[in-house]
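Please look through the model below before reading the points, and keep it open beside them. Each point takes up one place in the chain and can be followed on its own.

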Amino acid sequence: MGVEGIGARVTRKEDKRFLTGKGRYTDDMVTPGMKYAYFVRSPHAHAKITGLDTSAARAMPGVIGVLDGKQLLADGIGNLICGWMIHSKDGSPMKMGAWRPLAVDTVRYVGDAVAIVVADSLGEARDAAEAVVVDYDELPAVVEAIEALKPDAPQIHPEAAGNLIFDWEIGDGAATDSAIASAAHVTEIEIHNNRLSPNAMEPRATLGIYDSAEDHYTCYTTSQNPHVARLVMSAFYNVAPENKLRVIAPDVGGGFGSKIYIYPEEIVCLWASKKTGVPVKWTADRTEAFLTDAHGRDHVSTVKMAFDAEHRIIGLKVDTIANLGAYMSLFSSAVPTYLYATLLSGQYAIPAIHANVRTVYTNTVPVDAYRGAGRPEATYLLERTMETAARELGISPTELRRVNFIRSFPHQTPVIMNYDAGDYEASLNAAMQQADWNGFPVRKAEAAARDMKRGIGMSCYIEACGIAPSQAVGSLGAGVGLWESAEVRVNAVGTIEVLTGSHSHGQGHETTFAQLVADRLGVPIESVSIVHGDTDKVQMGMGTYGSRSGAVGMSAVVKALDKVEAKAKKIAAHLMEADESDIVIEDGNVKVAGTDKSLPWFQVALSAYTAHNLPAGMEPGLKETAFYDPANFTFPAGCYICEVEVDPETGRTEIIQFVAADDFGNIINPMIVEGQVHGGIAQGIGQALLESVHYDENGQLLTASFMDYTMPRADDLPSFDISHQCTPSPSNPLGLKGCGEAGAIGSPPAVINAITDAIGNNALTMPATPLKVWEAARAVA
């Protein structure tokens, strides 16, 4: 390991521009003649549009144009789609209701876009939008998934009878029922996973530019995967041919999954630019973000976990109802199915599992992937059930987990996944030691002497990252492949550019990808540049989500580096009249092993481009491209322990300590990994204690600002005690597993298990607000 290579704690290269205000975000982009957009949105959760009058708005100062859904439809712009096909257990395809970028005849949630106003200034666009007169015939609304399935519920889409999108299952139902029937003990629990708003620091934004001279479109957007955005907008939405559309995702201020998807605004602003003849920029305000950004989670599940007399799990049965909101978002169908139910084995050897999932339309914001995407829901369900079972069985939660850990690999679960490597007991032992688990009774007694309630809880999580291979996910309904691409360009003076289809929106790719190259070629990371986020510069790529950048994106870089290194060695061997097998690259030099012969790296690069003395038949240049499609998912895992103190008089919970022991396989930059874990834990604690989206019975969003939607603050969080264990993944050349989502996956059940331990009442749902905790504590007082 070098001071800048793999394993080094290198400070992030990109932070200089971010911390000095020099970042370049979509809202920073300015182009000649640019105008501003404001959307007219439905104030009703469910209504028919009976009239639309834009005449007053069009006459207002500064207005360039007012456009509506009928014009969009007439120009052939398509519906938004869901890109992952799921079939119900009866074989019927999912029921995808029509989602128009601008509603034509029906609105289905508060915030559904109806028209766009383009004006010289944002203020003029906003004023004109208020002058657009929309007549609505309000319809009954439904916001809870369980209510939406009732026979008398309002019908949201004609395509989906009873609001049911699909009724899907996985696993062996008969074997699971048999295990439950023969069990020595069965734990039953109902699990609620609360709906969340993503709240990235940078709101969504887009700038659509149509060049009539070239008949070409450019879209700046806050996207996690610009190439997929281009593909979908060209192939499915008919915005522009792919070769006539450039998508650029510049600096992006956080995504957490919410910027994977194509939203109406990107489509409409590009179309509006052509219609009005001017570039059109839109940036969401924070209320618009609450109203329109894809929400996350929102599951209600019933669970039965069966044990034999030795406390081994012999069966797990899960029934889940998932709220997908008013429309199916791009990957929404995959979240409660293949990203959730396939992880229900957790870290445990469970011989029989069956899960049934029903997804439902409601008059709420569409729901899609949010940091962890299905994996947090599975872990919360499993770890709350394990903790509950331990209490019912009267044994230590640590021992119940030990008895059931998977101990040999590879391990085939009953729900598709084949775990390749792990050591779950190592993480458990590390976490217990960090948390001084055995000393807890003394701390609990000390708190009781102060009339405080002390509790401790744990969570043993696993997730599947680097979603792949493409052939496998294609067979499960994915509409795209999930490989990644890279191009390594060695310039004539030896500097290096890496073009990656991955996208960085806070992960630190400009540093970690450069560390990989520096480690491999022995060059300083300052000589390595990372290029991403522009479909005109970077070959096709799949973007960043699901903790895939390292395991998949960097593996593509490794494959390209293999080709670069092989060619460089051929050139050097030719120049130094040595055998190619004796050539080594280290410390910025290309050497003949065992001799004093060497060439500086830049000289080999220069030789590749001057081409004066290359091996016979070799093409000039030193640039290589690679595509990497992994053989399997990766499986990060770990153990989290949370210790809390609850004031029984107020219900206030204070987290005294939080310990995280993670196995991410090999690590490129420990400091960046720790930052990712810190952020994930903060989001998980936010879900456990504070955050929740609420609608009233009419579908009005009650949590549309930070006054009402409570985000975690610094004083809500302790200092985190983090450690790493390592079982390298055999499924990619670097042995990486992924780290970006782990904190958000493992932390919520640890927090709730700790609180319920403190108050002695297991009946507690997230978020565990002071009122909920106070009521639960009083119920058992």
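The points below concern a predicted model, and they go through a lysine, a pair of helices, the cysteines and a glycine in turn.

1. Lys281 lies in strand β12, which runs over residues 280-283. Although lysine counts as a charged residue, Lys281 is buried here, with a relative accessible area of 3%. Its side chain has a polar partner, since the backbone oxygen of Asp27 is reached at 2.7 Å.

2. The surroundings of Lys281 can be traced further in the sequence. When its neighbours within four places are set aside, Lys281 is in contact with Thr26, Asp27, Asp28 and Met29, with Met34, Lys35, Tyr36 and Ala37, and also with Thr206 and Leu207. Asp27 therefore appears both in this list of contacts and as the residue whose backbone oxygen the lysine side chain reaches, with Lys281 itself being buried at 3%.

3. Helix α15 (residues 509-521) and helix α16 (residues 549-576) pack at an angle of about 35 degrees, and their axes are 11 Å apart. The crossing of α15 past α16 is right-handed. From α15 the contact draws on His509, Thr512, Phe513, Leu516, Val517, Arg520 and Leu521, while α16 supplies Ser549, Gly553, Met554, Val557, Val558, Leu561, Asp562 and Glu565. Of the residues in this contact, eight are nonpolar, four are polar and three are charged.

4. Which cysteines might a reader wish to check for pairing, given that the structure holds zero disulfides? One of them is Cys219, whose sulfur is 8.2 Å from the closest cysteine sulfur, that of Cys269, and this is too far for a bond, because a disulfide requires the two sulfur atoms to be within 2.5 Å. Cys219 is also buried, at 0% relative accessibility.

5. Cys726 is likewise in no disulfide, and the nearest cysteine sulfur, which belongs to Cys739, is 13 Å away. With a relative accessibility of 44%, Cys726 counts as partly exposed, whereas Cys219 counts as buried.

6. Gly699 is found in the loop between α18 (670-689) and β28 (720-725). Is this loop residue buried or exposed? Gly699 is buried, its relative accessible area being 0%. Apart from its neighbours within four places in sequence, Gly699 is in contact with Ala45, Val110, Val143 and Asn363. The C-alpha atom of Gly699 is separated by 13 Å from that of Pro366, a residue 333 places away along the chain.

Note on methods. Residues are numbered from 1 along each chain as its sequence is written. This is a predicted model: local features need pLDDT of at least 70, side-chain atom pairs count only at pLDDT 80 or more; totals for chains, interfaces and linings use all residues. Side-chain values use heavy atoms; hydrogens and water are left out. Helices (H or I, at least four residues) and strands (E, at least two) are DSSP runs, numbered from the N terminus. Buried means under 20% relative accessible area, exposed over 50%, partly exposed in between (1.4 Å probe, protein chains only). A polar contact is a pair of N or O atoms within 3.5 Å; within protein, one must be able to donate a hydrogen and the other to accept it, and residues adjacent in sequence count only if both atoms are side-chain atoms. Contact means heavy atoms within 4.5 Å. Axes are lines fitted to C-alpha atoms, for helices over the stretch in contact, and angles run from 0 to 180 degrees between N-to-C directions. A crossing is left-handed if the near helix is turned anticlockwise from the far one by less than a right angle, and right-handed if clockwise.
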